[in-house]
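Visitor: Please take me through how some of the helices pack here. Begin with any term I will need.

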Amino acid sequence: MTLVAAAGLAALSVAAAALVLYAAWRADASRSDRSHAGAALADGGDPADEPDAPAEPDGGEPTDSSYLLGTTAANKLSGVTRWLTTVDHKDIGLLYLAFAATAFLWGGTDAMMMRTELYDPAVSVWDEHTYNALFTMHGLTMLFLFGTPALAGLGNYLLPLFIGADDMAFPRINAIAFWLLVPALVLMRAGLLSDVLGHVFVAGGLGALGEQLLALAPPATGWTFYAPLSVQLELPTVSVVLLGLHLSGIATTMSAINFIATIFTERDVAWRDLDIFSWTMLTQSGLILFAFPLLGSALVMLLLDRTVGTTFFAIQGGSPILWQHLFWFFGHPEVYILVLPPMGIVSLLIPKFSGRKLFGFKFVVYSTLAIGVLSFGVWAHHMFTTGIDPRLRASFMAVSIAIAVPSAVKVFNWITTMWNGHVRLTAPMLFCVGGVATFVVGGVTGIFLAAIPIDLLLHDTYYVVGHFHFIIMGLISFAFFAGVYYWYPLVVGKHTDYRLSVAHFLLTTVGIVLAFGPMMIMGQEGLPRRYASYPAEFAGLQQVATLGAILIALGTVVWLFNLVQSYRMGDPVTTDDPWNLREHGDQRTAEWDELPYGRE
């Protein structure tokens, strides 16, 4: 059975590679067949018909200066002081994005270290504690230090431009919310930092201090911190990580309050004219406002159990199951906190490169609001195996299946928007289409896990890991990449290289299929997750998954190289419509009015 599944996976991978290669060929062909004059732009957009740009947009530095086009240095401090003291929403948005990119690379390094260990069935590279610490920190870093800050960065930069506001409602709170993430990162990654410093001190002759730091190993509880393990584990860094996690929750809550206040008080457009990205950011902020304070309360209770001997989650006096209820009441809305803004990006960009308006705009908005409401009624589907009342399990199964309906509404609306449209396979559009495809796989497999009999078989197997990574590394990261490519000309004033963008797309898409497809097969065969060793018969599939992870890492390197090289040597933007949207339905949004080009 495993060999048959592996053969099917290989065939699927070849088909996926052929599909993306065909998409890249069609994209290149569509660029060469343009009917208007001029060569296509490097990022897959269309050439501009406007004359050369003025030298000093927005009264700031010239376009070819070292300053980013979208954040000119006019009336601002210079150098590092500017970025340390800024309260400008654009600057803070870029700080969020830089922070998120750093966390993404750090969390990705954790993943590559795990895949290195899993290449061989035996524990041969890292020990068991290190492996457990790696998947603990990988989950925390990607969810709390990459996913949420990355979306906050895009929202900070773009949302005031979309709604006609001059800045966020509370600029200083906006800055504080970002800078709280820096100590949160230090606290949450303290175990690794102490390990590095410990080895440095030991090598430098400070053996006693080095040994003390080496004793502060990173926690190995899993990112869910299930009690009673997280209470009983005598490791100081567990409490340190909990403090960092609590601090990140405070920062995220402050940011959400700011987004809500900005949309309600600074909005210069009617509700009926509010763009879909702003709707998803508003819904996400509402979810944060209800979910993160509860997580903070649960973290305080867990810290009290660890430090002063309370019994909130003790077997005698409390209940370890209580932690699961509190955590997943936050944890499942967190999934939609991460996925709603990427859905907004896809809903915003697909119409632009399809030459059509978004099909069923109101229904996409209603489905967004429905997801926000239903997301708080599904948390116990993570707990089907805990022995809770079967009647409760059935009710949670019903709601878990029902929440798939508004997600399916979005998918069908995206597909219908592209249907018979003038689809241009630019770099953002490639990632939008790839995100929709991976979301279909991740969403359908999630419906299976919502069914009690199937979940009882697949719970805590690699099938679950493959399922949510098809969504997190599929739709969420693909939408993020699409947004970066789309708004790069707005922020930097340069076009990215289209060939590198296609290479990034190919490597990432094939890598996702190879990395997470085998996990679903292994899960169906019964292989449990979170083990550093495994039976030898799964070695082939694990090695294929490691190959997929390597391809994803290579794609990320190509992406970073593309951004840096385009900043240095990319084709300059010379129009206020760098994607030539006017010739394809005029689906421009207000943020492009920040560009000074093409004005009278």
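Guide: A crossing is called left-handed if the near helix is turned anticlockwise from the far one by less than a right angle, and right-handed if clockwise. The model is a predicted one.

Visitor: Which handedness does the crossing of H3 and H4 have?
Guide: Helix H3 covers residues 89–118, and its axis lies 7 Å from that of H4. By the definition above, H3 passes H4 in a crossing that is left-handed.

Visitor: How is H3 oriented relative to H4?
Guide: The two helices pack at an angle of about 155°. Angles over 145 degrees count as roughly antiparallel. Therefore H3 relative to H4 is roughly antiparallel.

Visitor: How many charged residues are in the contact of H3 with H4?
Guide: Sorted by class, this contact has 26 nonpolar and 8 polar residues. The number of charged residues is 3.

Visitor: How many charged residues does the contact of H4 with H11 have?
Guide: H4 (residues 128–163) and H11 (residues 276–307) pack at about 140°, with axes 11 Å apart, so H4 is oblique to H11. Residues of H4 including Phe-144 and Leu-151 meet residues of H11, among them Phe-277 and Met-281. By class, that contact has 10 nonpolar and 3 polar residues, and the number of charged ones is zero: no charged residues.

Visitor: Which helix gives the largest share of the largest nonpolar core?
Guide: This core has 161 residues, and Leu-140 and Phe-144 are among those with the most contacts inside it. The largest share is 22 residues, and it comes from residues 462–492, helix H18.

Definitions and conventions. Residues are numbered from 1 along each chain as its sequence is written. This is a predicted model: local features need pLDDT of at least 70, side-chain atom pairs count only at pLDDT 80 or more; totals for chains, interfaces and linings use all residues. Side-chain values use heavy atoms; hydrogens and water are left out. Axes are lines fitted to C-alpha atoms, for helices over the stretch in contact, and angles run from 0 to 180 degrees between N-to-C directions. Helices (H or I, at least four residues) and strands (E, at least two) are DSSP runs, numbered from the N terminus. Angles under 35 degrees count as roughly parallel, over 145 as roughly antiparallel, 65 to 115 as roughly perpendicular and the rest as oblique. Contact means heavy atoms within 4.5 Å. Ala, Val, Leu, Ile, Met, Phe, Trp, Tyr, Cys and Pro count as nonpolar, Asp, Glu, Lys and Arg as charged, and the others, Gly among them, as polar. A nonpolar core is a set of buried Ala, Val, Leu, Ile, Met, Phe, Trp, Tyr and Cys residues joined through side-chain atoms within 4.5 Å. Buried means under 20% relative accessible area, exposed over 50%, partly exposed in between (1.4 Å probe, protein chains only).
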